[in-house]
Structure formats: structure tokens, C-alpha cells
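Reader: Could you take me through one part of this model up close? I'd like to hear about the sheet and what packs around it.

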Amino acid sequence: MRLTEKLIESSTKLSSFSVEEARSRLESGLKLLDTVLSLKEAILFQRESNGNLVSAARLRASTSTSVETGRNSTWRQGIKLCERAIKTGEIITQELDAGELGTSIALPLRHENRAVGALLIRINNQFDNEDRALLTAVGAQLARSLQREEACKSAARHSRISFLSARAADRRLELLDVLNGLLSEQGFGLSALSEVSDGMAIAYLDGTIPYINSALLRFAHITDEQARDLNLFALLDTLRTSVFHEPAIAVRRVLQTGVAYERELEFPDRTGTFGLRISLVFDRSDQESHQPLCLAVNVRDITRVKEHEQLKSDMISLMSHELRTPITSINGFSELLIADDQLPEQAKEFVTIIANESQRLSRMINSFLAVTKLERKDKQEVLKIPLRLDEIVRETVMNLQPIAKKKRIRLVEQPNQRIPPVAADKSLISQAVSNLVNNAIRYSPERTTVTVSTALEAEAVRVSVEDRGFGIPPEAVDRVWEKFYRVVREGQDKDEESTGLGLSFVREVVEQHGGAVDLETEVGRGSKFSFTLPRL
Ligand code: ADP
């Protein structure tokens with residue numbers, strides 16, 4: 001009894017095991033055959049224990065006449081053909097009767113060395129021998145599905161079987177067949193991984209590697225022979241570089257935290273950049289216990305992506321430098337003209353526009369340069385000194401008061417005592433705070449309030465800039481930090497100076513200092529942009 005129960009439990013664990021599902025799989029198999037072979041008709045026969053063939057699923061082209069329409073002799077012929085196929089284990093073909101063009105084909109269906117049925121198809125032309133392999137392959141899948149359907153049906157028939165009868169023994173055998181079929185289907189996922197260009201390996205939590213695909217073997221310069229007794233650390237050793245020199249520590253961290261480990265690797269002896277990712281795989285069907293199953297190692301060739309990024313960054317930086325010189329002259333000479341008293345009134349007005357616009361252009365170029373420059377900086381290069389963020393906030397608020405006043409916006413600083421210092425680069429952080437306050441002023445209507453505050457959290461100091469402005473729609477919230485991303489708003493001022501770089505600069509600076517950015521916002525009510533920096 002225990003054995004039978006266990007078998008039922010195991011086979012249901014692997015599949016939903018319902019008659020409907022099994023049947024729809026049979027039908028879908030026939031449809032696939034129809035797509036590639038363009039059938040007149042297909043009938044799937046199930047073989048009962050007494051050897052009789054009964055129809056389990058069928059598919060008919062709407063235009064063709066069917067075997068069933070009163071032509072019992074044809075039906076019988078078809079069955080005979082199938083029986084012959086089952087007996088010989090071969091595909092049997094036969095020209096259709098006089099008056100009809102085409103061929104009948106009978107294919108035996110076997111699962112676990114047992115004939116489970118046969119497939120009878122009629123096609124419009126002659127059977128092409130090249131289709132033999134295809135038919136056999138689809139047949140293997142149909143046989144598995146057919147056997148599963150049979151097992152489902154008998155489960156429904158004998159929900160209370162007497163466990164000692166011969167029927168119970170049959171039932172156990174049947175379930176084992178289902179299990180074997182499911183096991184081979186479970187393996188398909190892994191086989192499919194051999195087709196992807198990314199390198200993939202799976203490691204059990206004892207370090208053994210049950211699967212590694214050929215792309216990863218190639219990346220790691222491992223031969224098939226060496227792959228046989230490869231373990232996780234031997235594999236990771238082949239990927240050691242100056243940034244990935246302690247594989248054991250990386251794996252330990254992944255196991256401890258469950259957070260994936262990611263690095264970009266460059267090897268001295270080959271060109272290109274490779275993205276390495278080591279992650280813990282969890283049982284998704286079991287949300288509660290959150291049990292880790294195994295580790296996944298993924299290596300991807302990101303050379304092209306890096307090249308494009310570099311190219312883009314170089315181009316922006318080159319262009320900005322080249323544009324700077326002419327703009328400086330335009331700006332300088334227009335300022336000189338403005339100062340000239342003899343200039344007619346209208347000319348003066350035009351020159352003032354030229355001066356203002358060239359200054360605007362110059363500010364935009366500076367933000368381009370600031371972001372690209374920052375991106376290239378190593379973390380060590382940022383000059384960190386102990387810094388009081390509340391002081392930075394006070395200075396920024398003071399500097400931006402004139403802009404706020406122009407828009408009749410009340411810009412206030414919420415005082416807070418006892419804020420510990422952080423280690424940061426003063427000019428970068430000032431610029432970041434200034435970007436946030438500037439945005440709050442620009443994206444708020446007149447006569448509203450912008451509040452800037454500093455607060456101490458557990459291990460960090462938080463700076464928040466809160467406005468009662470336009471807010472940001474939910475779909476844009478995650479994207480505002482991206483480079484060049486701008487939110488389009490109804491009734492937006494066309495002249496609004498906007499590059500979409502301000503916030504990406506803020507995030508870049510904050511993350512380089514080991515902090516994080518955050519945004520709470522609601523359209524029409526306002527936004528609260530904030531960032532934290534680790535306290536000293
Ligand atoms: P820019 O302001 O130059 O367009 P940012 O990166 O600073 O670039 O901002 C990106 C977008 O986020 C802006 O286009 C703007 O629509 C939106 N945004 C930024 N700050 C605010 C704010 N305080 N309130 C509403 N929208 C904002």
C-alpha cells in the first residue's frame with residue numbers, strides 16, 4: 001500500500017496529472033503534426049490491455065472527406081494498418097484507395113518498451129522519407145502523453161483499488177512509466193540550455209556540477225574530458241581575475257545573503273569583457289520556506305555592450321569639449337556688446353537673448369560633461385573628507401533663494417540638531433543637493449513650498465527635498481534616475497531647460513559614496529526625493 005501511495009504521490013508532484021491536461025496535450029501534438037505535414041486527417045489510437053485499439057484524439061482538415069463517413073471498411077483498414085505497425089514496430093505506409101490521392105501512414109507509439117497505441121495519418125501526397133525522423137520524434141512525445149492519459153483514466157476508475165490484487169501491481173507499473181516519462185521531460189530544460197550563447201552551469205550545494213553547457217566550457221577553456229570531474233571551485237578557478245580573485249569568498253557571500261554576485265571580468269590572455277553572475281536558485285513553488293536548491297553560474301560575453309558604452313561616452317565627451325570653445329566666444333562677445341552703450345535698443349535686446357541662450361547651452365554641456373566624467377571615475381578617486389550634510393543643505397538653500405524667489409516659491413530648510421558627519425566629496429555632494437532643490441523649484445507651480453531637511457537614520461544620514469509640485473506618474477518613477485530620461489507633462493513650458501541628466505548625476509554621486517537614492521511621489525500632490533550617505 002505504501003509503495004502504491006508513494007508512487008501516486010511522486011507522479012502527481014511532477015505534473016498536474018489531470019485527464020483534461022493529458023487530452024489537450026494529445027490534441028496539441030496532432031496540431032503540430034498538421035502544421036508541418038498538412039494532414040487530411042490524424043487519429044490517435046490508444047491500445048487497451050486486451051489489445052484493442054480505441055480512438056483517443058483526432059484532427060480533421062475541414063475540406064477532406066473523413067474516414068468515418070459511413071465507410072467502415074476504411075476505418076477497419078486503418079486499424080489493420082496500425083496493428084501491423086505495432087506488431088512490426090515500423091512505420092507502415094499505404095496508398096489511398098482508388099479515387100483518392102494521398103497516403104495513409106501508421107506509426108507505432110511505444111513508451112517504456114510497451115506499445116501504448118498507434119498514430120494513423122492521411123496526407124495529400126506521398127510520404128517523404130525525410131519526414132520519418134520527425135514523425136518518430138513527435139510519436140515519442142505522443143506516446144508519453146497517451147500513456148499519461150491512460151494512467152489518469154485508470155486513476156479515476158480505480159480510486160479505491162485493493163492493494164494486493166494483480167490490478168494494483170499493474171497500476172504501480174503504470175505509474176512508474178508515467179514517472180519515467182516525466183523524468184525525461186524534466187531533462188528537456190537542461191538540454192535546451194546547450195542552445196543558448198550564454199555560459200550556464202548548475203552546482204549542487206555540495207559543489208558538484210551536474211550540468212555545464214558547452215558555451216561555458218568554451219569561456220572557461222575546459223575540455224569535455226576535464227568537465228567530467230569538475231566541481232564548482234575548479235570551475236570558478238578558471239575564471240579568476242584581478243577583480244575576481246577569491247571565488248570562495250564570493251560563493252560564501254551568495255550562500256549567506258542569497259544576493260547574486262556579479263562582476264565584469266577581463267582576462268589578460270584574451271580580448272573582451274565577460275559578465276559573471278553567481279546566484280542562489282530558490283524553490284519557486286515553495287514561497288514560504290524559501291529553501292535554496294542550488295547555485296547557478298552564468299557567464300555572458302558583454303564585449304560589444306562595453307564597446308558601445310565607451311563609444312557613446314567618448315563621443316559625448318568629445319562633442320562637449322569641441323562645443324565649449326565656440327560657445328565661450330559667443331558668450332564673451334555678446335556680453336561685450338551688451339555693455340556697449342551705443343548699441344541701439346533693439347539690437348541690445350537681441351544680443352541679450354544670444355547671451356542668455358549661449359549660457360543655457362553652456363550649462364547643458366557642463367551637465368553632460370559632469371555625468372560622463374563621473375562615470376569614468378574610480379571610487380577611490382573621489383576625494384572624501386568629513387562633511388556635515390546639514391551645512392551643505394544650508395549653503396545650497398541660501399544659494400538657490402534668488403531662483404526660488406523669482407518663482408515665488410518658499411524655500412525652507414528644516415533645522416535639525418546633532419547630525420553626524422559623513423565622508424564625502426564636497427563639490428559633488430553640493431552639486432547633487434543643488435540638482436534636487438533646483439528640480440523641486442522647477443517642477444512646482446508658483447506660491448508653493450519646498451522643504452529641505454536632514455535626518456539621522458540607523459547607520460546613515462538622509463537628505464530629503466520635498467515639494468508640492470507636479471509629481472511623477474507611477475510608470476516613470478523607476479526611470480527618472482536614468483540618463484537622458486525626461487517626464488513629458490501636459491502644459492509643459494517649451495522653454496524648460498531639460499537634459500534628463502540632473503537626477504542621473506545625483507544617483508551616480510550618491511552610489512559612488514556608498515549611499516542610496518529614493519523617491520516618493522504622487523501626481524498633482526508633490527514629490528519627496530531623498531538620498532542617504534553612510535555616517536562616519
Ligand atoms: P532634467 O530636469 O534636466 O529634465 P532630471 O534628471 O533632473 O533631468 O529629471 C528627470 C525628469 O524627472 C525631469 O524631466 C522631470 O520631469 C522629472 N522630475 C525631476 N524632479 C522632479 C520634481 N521634483 N517634481 C516633478 N518631476 C520631477
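Author: Here's the sheet, strand by strand, and then a quick look at the cores. Bear in mind that this is a predicted model, where local features need pLDDT of at least 70, side-chain atom pairs count only at pLDDT 80 or more, and totals for chains, interfaces and linings use all residues. Residues are numbered from 1 along each chain as its sequence is written, and side-chain values use heavy atoms, with hydrogens and water left out.

The sheet is an open one: 5 strands in the order S2-S1-S5-S4-S3, with antiparallel pairing. (Helices, H or I of at least four residues, and strands, E of at least two, are DSSP runs numbered from the N terminus; two strands pair if DSSP finds at least two bridges between them.) At the edges sit S2 (53-60) and S3 (92-95), each pairing on one side only. From one strand to the next, the twist averages 20 degrees. (Axes are lines fitted to C-alpha atoms, for helices over the stretch in contact, and angles run from 0 to 180 degrees between N-to-C directions.)

Now zoom in on S1 (residues 39-47) and S5 (residues 114-123): they run antiparallel, joined by 7 bridges. Glutamate 41, for example, has arginine 122 in S5 as its bridge partner.

Helix H3 (residues 72-88) lies across S1, S2, S3, S4 (103-111) and S5, at about 135 degrees to S5.

As for the cores (sets of buried Ala, Val, Leu, Ile, Met, Phe, Trp, Tyr and Cys residues joined through side-chain atoms within 4.5 Å, buried being under 20% relative accessible area with a 1.4 Å probe, protein chains only), the largest nonpolar one has 44 residues. Its largest share, 8 residues, comes from helix H14 (residues 426-442). A second, separate core has 29 residues, including Leu236 and Leu276.

Methods
Contact means heavy atoms within 4.5 Å. Buried means under 20% relative accessible area, exposed over 50%, partly exposed in between (1.4 Å probe, protein chains only).
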